[in-house]
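The following exercises concern salt bridges and the burial of the residues that form them. Work through each task before reading its solution.

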Amino acid sequence: MWTSGACAIGLSPWEDCILLPKRTIGGTICQVPKIACSAMSSSDGSRQRSDKNGSERAEHLAGLIMALARREGMKTGDRLIEQRLADALDLSRAPIRLGLKALEAAGLARGEPHRGFVLAKNPTSGAAQPALAAVRRNEQVYATIAGDVLASRLPADVTEAELMRRYDVTRAELQRLLGRIAAEGWIARLPGYGWRFAETVSSPEAQTQAKAFRAVIEPAAIAQPGFALPQEVIVRLRERQQRVFKGELEKMTIGEIFHSGCEFHEEIIRGAGNPFFLEALRRVNSIRRLFAYRSFADRDGMRRHVRDHLRLLDVLETQRYAEAAKLMARHLQRPLVAGLS
């Protein structure tokens, strides 16, 4: 017990030994206090790093929830339903709860009896900007990595230490980014050490093939017998696209723009009632994300795409599915930027 006390007051190992009987000074017992102090310092450091990583993760999750609330057009007083957030962000409820508690600590959400958490501040308000800043930074680093891969500025094999130095991120931030990139299929962990970028996903051939694949399956899904899109889905998609077109586009990160586009097309293909269509589109979306970032920086091109989306919804609402299939085919063949898809 006295050893921990010595560590607490900062005594040196030899000062610790003074507390022991003289006959032990020449023995091995004198090494114990030094080892004990070192172990405690290491434990304290690990605990501090763990606390910092946990805090960073909670802030990141809080930012994701606020970014989603902004995309959804939520207002002060709207409920933040755990399961709905978990489904939208593809997470379990445990991390969602962690993010909600971080929002509560920041004064952006509050718990109410029988309602769970509700928004305490509008997601577009100045108070929400610090929470959204972490998400924007994450997206900026992600987009920079994607651009470097496309431009062949990164070697195929990289280490975490190299990436941390290059992009000025913490290990926790980098690991979140690498986990996301790995899930999208354009990087994989090497056995034992390092990471390797996939060559095929950034090639011009992959881009052309992904575009051709979508131009086949998405119109075909709309042309399927029994295709139907519920009215509430059409209303929800139209509201989101209108918000984007009327000004939200300027506030969105490239990642949010990409997510919005994927969500639109995935909701429509879901109307075919065939899970294989949806799964195939999700797979190709995860791969094309890398090169899509290059063209999604063109906001004028995105506005043209959003106008296409709104026109397509008008046709789908009147159940003119043959016409809608043709519109979808033309939409997918139109590049956002000259020379790009």
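**Exercise 1.** Classify Arg-240 as buried or exposed from its relative accessibility, then describe its salt bridge with Glu-263.

*Solution.* The model is a predicted one.
Step 1: Arg-240 has a relative accessibility of 10%. Buried means under 20%, so Arg-240 counts as buried.
Step 2: Arg-240 forms a salt bridge with Glu-263, in which the closest N and O atoms lie 2.5 Å apart.
Step 3: This pair joins distant parts of the chain, with Arg-240 in helix α10 (residues 231-245) and Glu-263 in helix α11 (residues 254-270), 23 residues apart.
Step 4: Glu-263 has a relative accessible area of 23% and is partly exposed.
Step 5: Glu-72 also belongs to the network of salt bridges that links Arg-240 and Glu-263.

**Exercise 2.** Determine which helices are linked by the pair Asp-148 and Arg-166, and assign each residue to an accessibility class.

*Solution.* Step 1: The side chains of Asp-148 and Arg-166 form a salt bridge at 3.5 Å, N to O.
Step 2: Asp-148 lies in helix α6 (residues 129-150) and Arg-166 in helix α7 (residues 160-167), 18 residues apart.
Step 3: Asp-148, at 6% relative accessibility, is buried, whereas Arg-166, at 43%, is partly exposed.

**Exercise 3.** State the N to O distance between Arg-110 and Glu-112, and classify both residues.

*Solution.* Step 1: Their side chains meet in a salt bridge of 2.9 Å, N to O.
Step 2: Arg-110 is partly exposed at 35% relative accessibility, and Glu-112 is partly exposed at 23%.
Step 3: The structure holds 21 salt bridges.

How values were computed:
Residues numbered from 1 in each chain as written. Predicted model: local features only at pLDDT ≥ 70, side-chain atom pairs only at ≥ 80, totals over all residues. Heavy atoms only, no water. Salt bridge = Lys/Arg side-chain N within 4 Å of Asp/Glu carboxyl O. Buried < 20%, exposed > 50% of the residue type's maximum accessible area, 1.4 Å probe, protein only. Helix = DSSP H or I, 4+ residues; strand = E, 2+ residues; numbered from the N terminus.
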